[in-house]
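Visitor: I work at the bench and would like a close look at one part of this protein. Please pick a piece and show me how it sits among the rest.

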Amino acid sequence: MLKLDEKKIRKGRPIGLPYQGSKKKISKKIIEIIKQNFGTDKPIYDIFGGGGAITAECILNGLEVHYNDLDKDITNAFERVISQDRKWIKTLIVSREEFFEIKDKENKTTDEFLKLLVNSFGNNKRGYLYSEEISDLKYNLAKEIIENHDVFNGYKQTETYKKAVERPKKPDQIGRLQQFERLQQLQQFRQIEKPNYMKVTNKSYQDFSKVSNAILYLDPPYEQTDQGSYINSFDSQEFYNWAFEMDKTNIVIISSHSISDERFEAVYSFDKAHSKFRSGTRNDKCEKLFMVKNS
Ligand SMILES: C[S@@+](CC[C@H](N)C(=O)[O-])C[C@H]1O[C@@H](n2cnc3c(N)ncnc32)[C@H](O)[C@@H]1O
C-alpha cells in the first residue's frame with residue numbers, strides 16, 4: 001500500500017475543468033501520494049489528462065508535468081481558460097436555443113466547445129442543463145447574476161442570488177464558471193520564468209512507449225462503462241499490456257475502480273470518492289490507484 005500523510009495535502013480548493021470522469025475530488029490527494037511515495041524529481045505524464053485536474057495540481061505543486069489527451073478539444077479548452085481573463089468567462093453562458101445551434105455545427109471553436117461543456121447536463125455536451133420548461137428562467141437568472149454582479153466575489157449577498165437560491169437553487173452554470181475562475185490561478189505560473197511549466201500534446205497513449213524514468217499517471221476510460229462515446233473503442237486489455245511493459249522503466253500508476261488483469265493490484269483506496277453511476281454496478285465501488293504487483 002502507498003502511504004499518505006493527510007496533513008501535508010495542499011490547502012485550498014482543487015482545480016480543473018468540469019468534465020465527465022474528472023479526478024478533481026481526489027486530485028490533491030493523488031499528487032500528495034505521488035510526492036510522498038516517489039519524490040518530486042521525476043516528470044509526471046498525465047497521459048489521459050481530460051479536464052486537467054491532475055495536471056493543474058502538478059503545476060500548483062511545482063512538479064514538471066506533461067498534459068496529454070487524445071481529444072484536442074479538451075486540452076485546447078484547458079489552455080484557453082488559462083489564457084483568458086475573468087470577463088471572458090462570463091461570455092460562456094448560453095440559452096437553450098444557442099446551445100442546440102452550437103451542437104449542430106460541424107466545426108466548433110474552442111469557445112463553442114466550452115459553451116457546450118458549461119451549459120450541458122452532467123457536462124456531457126449533448127443535452128441542455130435544464131428542461132424546456134425551466135430553461136428560460138434559469139438562463140435569465142444566470143445572465144442577471146453575471147451581468148449585474150461580480151460573479152466571483154460576494155454575489156451571494158445580492159437579492160438576485162437569494163431569489164435564485166429560493167427557486168430552489170442557483171443556476172448550475174455559475175458554479176461551473178467559478179471553477180474556470182479558479183483554474184485561471186495557473187496564469188501566474190505561465191508568467192514566471194518557467195517556459196516549460198507544462199507540455200501539452202494530443203497523442204494516443206502508445207505514442208509514449210519510449211518514455212523512461214518518469215511517473216506515468218494513467219486515468220483511462222473505465223472498463224465496461226457508459227461513460228462516453230469513446231468507450232466502446234477503448235481496448236482495456238491492450239492498455240494493460242502496454243502499462244505492464246512501461247512499468248519496467250517507469251513508475252506506473254493507474255486510476256480505476258477495478259482492474260480485471262491480475263498483474264495489477266490496488267495500492268490505495270479513496271473511500272469517499274464514489275462515482276455518480278447507478279448503484280449496484282461495479283462502478284459504484286470506490287476509486288483506487290493500481291500498480292503492477294511487486295513493482
Ligand atoms: C477518465 S477520463 C480522464 C479524466 C481526467 N483525469 C480528469 O481529471 O479530468 C479519460 C480520458 O482519456 C482520453 N482518451 C481515450 N482514449 C485515449 C487514448 N488512446 N490515448 C489518450 N487519451 C485517451 C479521453 O479523451 C478522456 O479524456
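**Helix α6 and its surroundings**

Guide: Let's start with the packing partners: the buried residues of α6 lie against α3 (72-83), α5 and α9 (172-183). This is a predicted model, in which local features need pLDDT of at least 70 and side-chain atom pairs count only at pLDDT 80 or more, whereas totals for chains, interfaces and linings use all residues. Residues are numbered from 1 along each chain as its sequence is written. Helices here are DSSP runs of H or I with at least four residues, strands are runs of E with at least two, and both are numbered from the N terminus.

Which residues of α6 are buried? They are Leu114, Lys115, Leu116, Leu117, Val118 and Asn119. Buried means that 20 or more other C-beta atoms lie within 10 Å of a residue's own; 12 or fewer make it exposed, anything in between partly exposed, and C-beta atoms are placed from the backbone.

Asn119 deserves a moment of its own. This residue of α6 counts as buried because 29 C-beta neighbours lie inside 10 Å. If we set aside neighbours within four places in sequence, Asn119 is in contact with Ile93, Val94, Phe99, Tyr128, Leu129 and Gln173. Contact means that the C-beta atoms of two residues, placed from the backbone, lie within 7 Å. Pro171 is 52 residues away from Asn119 along the chain, yet their C-alpha atoms are separated by 10.0 Å.

Phe99 brings us to α5, where it takes part in the contact with α6. Two packed helices are described by the angle between their axes and the distance between the axes. For α5 (residues 96-104) and α6 (residues 110-119), the angle is about 130° and the axes are 10 Å apart. α5 is therefore oblique to α6. The axes are lines fitted to C-alpha atoms, for helices over the stretch in contact, and angles run from 0 to 180 degrees between N-to-C directions. Angles under 35 degrees count as roughly parallel, over 145 as roughly antiparallel, 65 to 115 as roughly perpendicular, and the rest as oblique.

The two helices, α5 and α6, make a left-handed crossing. On the α5 side, Phe99, Ile102 and Lys103 make the contact, and on the α6 side Glu112, Lys115, Leu116 and Asn119 do. By class, the contact of α5 with α6 holds three nonpolar, one polar and three charged residues. Ala, Val, Leu, Ile, Met, Phe, Trp, Tyr, Cys and Pro count as nonpolar, Asp, Glu, Lys and Arg as charged, and the others, Gly among them, as polar. As for handedness, a crossing is left-handed if the near helix is turned anticlockwise from the far one by less than a right angle, and right-handed if clockwise.

After α6, the chain enters a loop on the way to α7 (132-148), and Lys125 is found there. Lys125 has a positive phi of about 65° although it is not a glycine. Is Lys125 buried or exposed? Lys125 is buried, because 22 other C-beta atoms lie within 10 Å. Asn213, in the loop between β3 (198-201) and β4 (215-218), has a positive phi of about 60° and is not a glycine either. Asn213, however, is exposed, with 10 other C-beta atoms within 10 Å.

Another helix pair makes a good companion to α5 and α6. α1 (residues 27-38) packs with α2 (residues 53-60) at an angle of about 55°, their axes 9 Å apart. That makes α1 and α2 oblique to each other as well, and their crossing is right-handed. From α1, Ser27, Lys28, Ile30 and Ile31 meet Ala53, Ile54, Glu57 and Cys58 of α2. This contact of α1 with α2 has five nonpolar, one polar and two charged residues.

Finally, step back to the whole protein. There are 11 helices and seven strands, and 34% of the 295 residues count as buried. Among contacts between residues at least 6 apart in sequence, 67% join residues at least 24 apart.
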